[in-house]
Amino acid sequence: MAPRTALAVLIVLLLAVSAPSLPLARGVAYPVLPIPTQLRFLTNLSVPALDPGTTESVQASLQNPLSAPINGTVLSFEVYSFNPFGADSPSPPPSDSAPVFQGPGANGSSIAIAIGTFAGGGSYVLPRDHAVSISVPGSAPSGTYAIRTSLAFHQGPQAYLLESRGYFSDATWANATILANGTPTLNVSRLGVSGVLPETSVFVKGLSLAPWIYGLLGGALVLAGVGGYLAWRRLPKSRSGARSPLSPKSAERALGTSRTSDGD
């Protein structure tokens, strides 16, 4: 081997050893974890319903179900979809009025929580171990904002990645979860990740709904009162000793109620 070629190969090997471990590119299969193990990573994930202009903490419990420690651990949340109140299909969240995350690692509609080394069997609880809040702008329209989740870590040199439903297209998800005969399944290897995580959403109630509800209730009460008054006015009453007119009856026959002879 020529000296220059040998030197070039040596430099490449040194760079490969000294470079930090990076997540594998999308399309390269990660090692698949057993499904019972996947289900234990992220639990108790919830965000309360919020009014525009309010802020609440994100609740979640992260576990390391593996016996060995993991490192470079990063847990991420991202608002990725919006289903307006009364609509049937989701759409991208509004860029200027969608809920935003607050806390270290926040970047508008997403947040990356750097946990680092995570002991085997360890636990990490939000907001106890990390203050993560979600804030709704005052101009946010009412509806449901979906939040997807991801978890990346290394165990030794091997990278792992777990993601929720929101990271996959409908076609990719269907290919991994529905067999040809329509039977449900879960083939994580077809998703190109190590496992699947749960995801959550935040429902923005919308202050504009309350006046409409109160208005409808008030209108119903007014109509009920008017109806009751009109019904009361129609009841027979005695005024100055006069009797109310009798209810209509069939007219009496000119010949009386019965005839006994032709002259009657």
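The legends below describe close-up views of a predicted model of one protein chain.

**Figure 1. Overview of the protein chain.**
The predicted model contains four helices and 13 strands. The chain has 264 residues, and 29% of them count as buried. Its exposed surface amounts to about 16,400 Å², of which carbon and sulfur atoms supply 61%. Among the contacts with a separation of 6 or more, 73% involve residues 24 or more positions apart. A search of the whole structure finds four salt bridges, and some of them appear in later views.

**Figure 2. Strand β11 and its two partner strands.**
Strand β11 covers residues 158-163 and is mostly covered, with five of its six residues buried. On one side of the pairing scheme is strand β10 (residues 143-155), which runs antiparallel to β11 and is joined to it by six bridges. Within this pairing, histidine 154 has alanine 159 of β11 as its bridge partner. Strand β12 also pairs with β11, but these two strands run parallel and are joined by two bridges. Here glutamate 163 has valine 196 of β12 as its bridge partner. Between these two strands the chain passes through α3, and the resulting β-α-β crossover from β11 to β12 is right-handed.

**Figure 3. Glycine 156 in the hairpin of β10 and β11.**
Glycine 156 is found in the loop between β10 and β11. The hairpin formed by these strands has two residues between them, and glycine 156 takes a positive phi near 70 degrees there. Is glycine 156 buried or partly exposed? Its relative accessible area is 45%, so glycine 156 counts as partly exposed. Proline 69 is 87 residues away along the chain, yet the C-alpha atoms of glycine 156 and proline 69 are separated by 9.1 Å.

**Figure 4. Asparagine 64, a buried loop residue.**
Asparagine 64 lies in the loop that connects β3 (59-63) with β4 (70-84). Although this residue belongs to a loop, its relative accessibility is 1%, so asparagine 64 counts as buried. Which residues are in contact with asparagine 64, leaving aside its neighbours within four places in sequence? They are Pro69, Ile70, Phe118, Ala119, Gly120, Gly121 and Gly122.

**Figure 5. Serine 76 and the salt bridge between strands β4 and β10.**
Serine 76 has its place in strand β4. Because its relative accessibility is 15%, below the 20% limit for burial, serine 76 counts as buried. Not counting residues up to four places away in sequence, serine 76 touches Ile111, Ala112, Arg148, Thr149 and Ser150. One of these residues, arginine 148, meets glutamate 78 in a salt bridge, with a distance of 3.0 Å from N to O. This pair links distant parts of the chain, since arginine 148 is in strand β10 and glutamate 78 is in strand β4, 70 residues apart. Arginine 148 is buried, with a relative accessible area of 16%, whereas glutamate 78, at 23% relative accessibility, counts as partly exposed.

**Figure 6. A salt bridge between two loops.**
Lysine 205 and aspartate 51 form a salt bridge whose closest N and O atoms are 3.8 Å apart. Lysine 205 lies in the loop between β13 (200-204) and α4 (209-233), and aspartate 51 in the loop between β1 (42-46) and β2 (55-57), so this salt bridge ties together parts that are 154 residues apart in sequence. Both residues are accessible to some degree: lysine 205 is partly exposed with a relative accessible area of 34%, and aspartate 51 counts as partly exposed at 23% relative accessibility.

**Figure 7. The salt bridge of arginine 165 and aspartate 170.**
The side chains of arginine 165 and aspartate 170 meet in a salt bridge, with N and O 2.7 Å apart. Arginine 165 has a relative accessible area of 24% and is therefore partly exposed. Aspartate 170, at 59% relative accessibility, counts as exposed.

**Figure 8. A nonpolar patch on the surface.**
Ile35, Leu39 and Leu186 form a nonpolar surface patch, and together they have about 260 Å² of accessible area. Where does leucine 186 lie? Leucine 186 is placed in the loop between α3 (170-177) and β12 (195-196). Its relative accessibility is 32%, so leucine 186 counts as partly exposed.

Technical notes: Residues are numbered from 1 along each chain as its sequence is written. This is a predicted model: local features need pLDDT of at least 70, side-chain atom pairs count only at pLDDT 80 or more; totals for chains, interfaces and linings use all residues. Side-chain values use heavy atoms; hydrogens and water are left out. Buried means under 20% relative accessible area, exposed over 50%, partly exposed in between (1.4 Å probe, protein chains only). Contact means heavy atoms within 4.5 Å. Accessible areas come from the Shrake-Rupley method with a 1.4 Å probe; for residues, only the protein chains shown count as cover. Patches are made of residues with over 30% relative accessible area and no salt bridge: like charges are joined within 9 Å, nonpolar side chains (Val, Leu, Ile, Met, Phe, Trp, Tyr) within 5 Å. Two strands pair if DSSP finds at least two bridges between them. A crossover is right-handed if, with the strands pointing away from the viewer, the path from the first strand over the helix to the second runs clockwise.
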